[in-house]
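Reader: I'm more at home at the bench than with models. Please walk me through this one, feature by feature.

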Amino acid sequence: MKQRGFRYCPTCGTKLQKRGLTAAGSQRWLCSYCSESSVRERPDLSRALLLDRFVLWLLGKRSQVELPIADRTWRRQTSWCWQIIPKPALTEETYPIVLLDGIRIGAFVCLIARTPKHVIGWCWVFWESSNTWSTLLQKIPPPTVVVCDGQKGVLLAIWRLWNKSAIQRCLFHIWQNIRGKLTLHPKTEAGQKLLQLTRDLWQVKTIEQALLWQKQLENWQIKYGNFIKERTYNTNPQPGQQKWWYTHKGVRSASRQLAKLLRDNQLFTYLDKTLTVEAIPRTTNHVEGGINSQLRDKLKAHRGLSQTHRQRLVDWYLYSRTKDQKPPRNGL
């Protein structure tokens, strides 16, 4: 009867004896009957360590040529690693603040949800819409505040699933939208005043300053109300052509956008003390700068990857930014 705690030869069944270590530091075993030495293999541990090395390489800046092994050998050994898809752990934890944004990777868009500290979820879709955003939001309990860029699909999904959550629109995206409508050098006085008023949003740090800014916007609307209503008429309209249009449609559109943001309470949510949430972000920089820009750098370092492999890189990076991710156990 074989005793526990000992190793036996798989050929003859003789008890093996320890015979030093291999060059790699593993225990070598010798069969006194067959005179054959062997090393105990742990394929499960070897695959786990190789996967850790693969993830470290994928999230690093080293190319395959810079690895300590031949690039063809590396590709052969790690071919199965591309099939592993990391996913965030599902949790019922309610977060006070959730930031939402997406990034296009080739033919797909990755929708990302995170808190100011870590990533909590993501999914791959073909485009941003209310239905695709809903597939992500329905997995996350409604937060107190949502910070987003104002894309129509995400706003509709929030209204459907998180209708009790307050919304803070990203001030940087608001500035980009207004700048696109007015340009950086508006030709009209009304456009110049409105552009400066939009710049002043960055200086609003208190409720008093927000009320003052709102009063300035109201004064602008009173002063230039008739100006943005001016029309240009088509003197000789052809069938199917417009008969008239607003002369200053860019200024009109920008002013209406700011007014709607105030009306929907999506402009100064970060100053609302009734939400009992501290340090509400007023931009989506936690996603744009903290994740998206990092992903672009890593994709550039590993340029040449296929669409599927690029998606896997994004999956592993987002997984590395989750709360309960396990760190790699071995380096290159």
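Author: Let's begin with pairing: two strands pair if DSSP finds at least two bridges between them. Strands (E, at least two residues) and helices (H or I, at least four) are DSSP runs, numbered from the N terminus. By that rule β4 and β5 pair in the antiparallel sense, over seven bridges. One ground rule before we go on: this is a predicted model, where local features need pLDDT of at least 70, side-chain atom pairs count only at pLDDT 80 or more, and totals for chains, interfaces and linings use all residues. Residues are numbered from 1 along each chain as its sequence is written, and side-chain values use heavy atoms, with hydrogens and water left out.

Reader: Okay, so which residue stands opposite Leu99 in β5?

Author: That's Arg114. The two strands, β4 and β5, form a hairpin with two residues between them, and Gly106 in the turn has a positive phi of about 65°. On the next pair along, β5 and β6 are antiparallel too, over six bridges, with four residues between them in the hairpin. In that pairing, Leu111 has Cys123 of β6 as its bridge partner.

Reader: What is the strand order in the whole open sheet?

Author: Read it across as β6-β5-β4-β7-β8: five strands, with mixed pairing. β6 (119-125) and β8 (166-169) are the edge strands, each with a single partner, so one side of each has no neighbour in the sheet. From one strand to the next, the twist averages 20°. The parallel part includes β7 (residues 145-148) and β8, joined by four bridges; there, Val146 has Ile167 of β8 as its bridge partner.

Reader: Is β5 enclosed or open to the outside, and why?

Author: Look at accessibility: buried means under 20% relative accessible area, exposed means over 50%, and partly exposed is in between (1.4 Å probe, protein chains only). Six of the seven residues of β5 are buried, so β5 is largely enclosed by the rest of the structure.

Reader: Which helix packs on the sheet, and which strands does the helix touch?

Author: Contact means heavy atoms within 4.5 Å. Helix α9 (residues 285-301) packs there, touching β4 (97-105), β5 (108-114) and β6, and its direction makes about 30° with that of β4. Angles like that run from 0 to 180 degrees between N-to-C directions, with axes fitted to C-alpha atoms, for helices over the stretch in contact.

Reader: How do I read two helices packing, say α6 and α8?

Author: Take the angle and the distance together: α6 (residues 189-199) and α8 (residues 249-263) pack at about 35°, their axes 10 Å apart. The contact is made by Ala190, Gly191, Leu194 and Thr198 on the α6 side, and by Val251, Ala254, Ser255 and Leu258 on the α8 side.

Reader: Now a loop. Where is Thr283 found, and is Thr283 buried or exposed?

Author: Thr283 is in the loop between α8 and α9. Thr283 counts as buried because its relative accessibility is 11%. Setting aside neighbours within four places in sequence, its contacts are Leu99, Val147, Cys170, Leu171, Phe172 and Trp202. Cys170 is worth picking out: it is 113 residues from Thr283 in sequence, yet 4.1 Å away in space, C-alpha to C-alpha. The Thr283 side chain also makes a polar contact with that of Asn285, at 3.2 Å. A polar contact is a pair of N or O atoms within 3.5 Å; within protein, one must be able to donate a hydrogen and the other to accept it, and residues adjacent in sequence count only if both atoms are side-chain atoms.

Reader: What about Asp315: buried or exposed?

Author: Buried, because its relative accessible area is 2%. Asp315 lies in helix α10 (residues 307-320), and a polar contact of 3.0 Å joins its side chain to that of Trp122. Not counting residues up to four places away in sequence, Asp315 touches Ile85, Pro86, Trp122 and Trp124.

Reader: Last one: what sign does phi have at Asn265?

Author: Most residues other than glycine have a negative phi. Asn265 has a positive phi of about 55° although it is not a glycine. Ala279 also has a positive phi of about 55° without being a glycine. Asn265 sits in the loop between α8 and α9, and so does Ala279. Asn265 is exposed at 61% relative accessible area, and Ala279 is exposed at 71%.
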